[in-house]
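I am opening a notebook on a structure that is new to me, and I want to write down what I look up, one place at a time.

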Amino acid sequence: MASAAPRARLTPPTPAMHPHRKRARSPPASGSLVRCSSSGNGAPRDHRRRWQSPAAGSPGRVYQRHRAQQYGVPSRRWVLAEEASTSDGDACTIMSYNILADNNAHYHPDLYLDVPWDAMRWDSRRRLIIREIRHWDPDLVCLQEVDRFRDVATEMENRGYQSRFKGRTGDAKDGCATFWKSKGLHLLEEDSIDFSEYNLRNNVAQIFVFELNRAQKLVVGNIHVLFNPKRGDVKLGQIRMLLEKANALAEKWGGIPIVLAGDFNSTPDSAIYKFLSTMKLDISLHDRRQLSGLDSSEFALYDLCSSLKYQWSGEEVRNATGSSNVMVAKHPLNICSSYAMLKGNSNNRGHHGEPLATSYHKKFLGTVDYLWYTAGLECSRVLDTLPVGFLRRTRGLPTREIGSDHLPIVAEFVFTESAASTDSDQEDESDEDKESEEEATRGQRIYFSSDSDSSGEVG
């Protein structure tokens, strides 16, 4: 009887309170609603109405499913070189970022089926992209897939950046754009590559010579390589041509250092990555459809089998190597990947040392973005990427907190003493050349240097 009396006293308020309590507790399996319940009884009711709104339809459900997962975007951290640089030279921070062209996002909706509809809106993504750039405050920004250049340039100009844009030809609306802080960087020379002029599709690249703080000089390249996995010959040809032209421009200015940024549309396990890092590739040992690694399953190792001979047409060989009777593609630059040189979090890095993922959409999760550099520079730090586990939980980029289907990669480069001495050596050589010329004139002998005559040409 003692226990029956309390139950009788509690019975009257039950009809009035039970529906309210039931609504607050009904979705215990949903992390988002449980998390929101702390704000009061009114918040869950409003939240639930948005979830079930017939007018919102399926996008409303996607919105609720992703919102809780985006609350905890991990902080990206700088990974420092294990040995501090012994150089007191100037430093330059460079970002490479494929920002997902607005036109491309609408043209390929199958890649973004799980992305909330409003996260795909350009106005929203532009705000996030600019916020990301502003937060990391790089000296140089190399963007790919830019089709709203004026929108981005206006924001960047307000923050002290100058810029150049190179658009693709044909029906494509996007291109590459490079921004630099006018306060510390001075543009000395610029060039660009329209690969359609070489029958290598309509992708483009930019190449610049900058002077940092009126002291150090460097070449910066920005490229967006063809995506099509089946045309590895074209991909290889585009990359080879960028390397050759960047090298020619660096030699013209006295052998200055080079940084190459971009979306190379090739994975770290691919033959193209091997070509970049080893300076050569025997294409007869590879299927052109597998050169970039993009046709392989997620994180699967690309089989570099040397016992097979693959068939290449004369045109494909010419695209890849530059000559239809040469089967080994070569390039002149001894380059290192900034991320591979600095050991990062094992949760974010693959066996090559590269990030496990710099891009994620419905059909791909992996790394295709790189910052390569030559001697004369040291990479002092890189911005680590996000854990793959977190990316998987988003079910695809962009999100309401990440503005593109690529993550920006950032590295800081320090000029070494060898780079600093290049300019002084060049001046000394110039003085020696003048003295030699005077002696030759006195001896009534004339010398012709083909090297000096061709030094002004760019690729």
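Where does P398 lie? I looked this up and found P398 in the loop between α13 (388-394) and β17 (409-415). I am working with a predicted model, and I keep that in mind for every entry below.

**Loops and backbone angles**

Staying with P398, I checked the peptide bond that leads to it from L397, and this bond is cis, with omega near 0°. I then turned to R395, which is found in the loop between α13 and β17, and noted that R395 has a positive phi of about 65° although it is not a glycine. I counted R395 as partly exposed, because its relative accessibility is 36%.

I next looked up R214, in the loop between β7 (204-212) and β8 (216-224). Its phi is near 55°, a positive value in a residue other than glycine. R214 has 61% relative accessibility and therefore counts as exposed, the cut-off being over 50%.

**The nonpolar cores**

I asked which residues touch the most other members of the largest nonpolar core, a set of 46 residues, and the list I obtained is I94, L143, F179, F210 and F413. There is also a second, separate core of 39 residues, and I noted L243, Y273, L281 and Y370 among its members.

I followed L143 and, leaving aside its neighbours within four places in sequence, found contacts that include Y97, I99, I133, V152 and F179.

**Two buried strand residues**

Is T178 buried or exposed? Its relative accessibility is 0%, so I entered T178 as buried. T178 is found in strand β5 (residues 175-181), and its side chain makes a polar contact with the side chain of Q206 at 2.8 Å. Not counting residues up to four places away in sequence, I found that T178 touches Q206 as well as others, including L140, V141, Q162, R164, F208 and N222.

I223 lies in strand β8, and I counted I223 as buried because its relative accessibility is also 0%. I compared positions along the chain with positions in space: I223 and A177 are 46 residues apart along the chain, while their C-alpha atoms are separated by 9.4 Å. Once its neighbours within four places in sequence are set aside, the contacts of I223 include Q144, C176, F195, V204, L242 and F264.

**Helices**

How do the axes of helix α7 (residues 122-136) and helix α8 (residues 149-157) cross? I found that these axes come within 11 Å and cross at roughly 35°, and that α7 passes α8 in a right-handed crossing. On the α7 side I noted W122, R126, I130 and I133, which meet D151, V152, E155 and M156 in α8. I sorted the residues of this contact by kind and wrote down five nonpolar, no polar and three charged.

My last entry is on helix α10 (residues 271-278), in which I found A271, I272, Y273, F275 and L276 buried. Of these, Y273 also appears among the members of the second core. I asked which elements the buried residues of α10 pack against, and I listed α9 (232-252), β10 (280-282), β11 (328-330), β12 (336-337), α12 (338-341) and β15 (369-373). Just after α10 I came to M279, which takes a positive phi of about 80°.

Note on methods:
Residues numbered from 1 in each chain as written. Predicted model: local features only at pLDDT ≥ 70, side-chain atom pairs only at ≥ 80, totals over all residues. Heavy atoms only, no water. Core = buried A, V, L, I, M, F, W, Y, C linked by side-chain atoms within 4.5 Å. Buried < 20%, exposed > 50% of the residue type's maximum accessible area, 1.4 Å probe, protein only. Contact = heavy atoms within 4.5 Å. Helix = DSSP H or I, 4+ residues; strand = E, 2+ residues; numbered from the N terminus. Polar contact = N/O pair within 3.5 Å; in protein donor to acceptor, adjacent residues only side chain to side chain. Axes fitted to C-alpha atoms, helices over the stretch in contact; angles between N-to-C directions. Left-handed = near helix turned anticlockwise from the far one by under 90°. Nonpolar A, V, L, I, M, F, W, Y, C, P; charged D, E, K, R; others polar.
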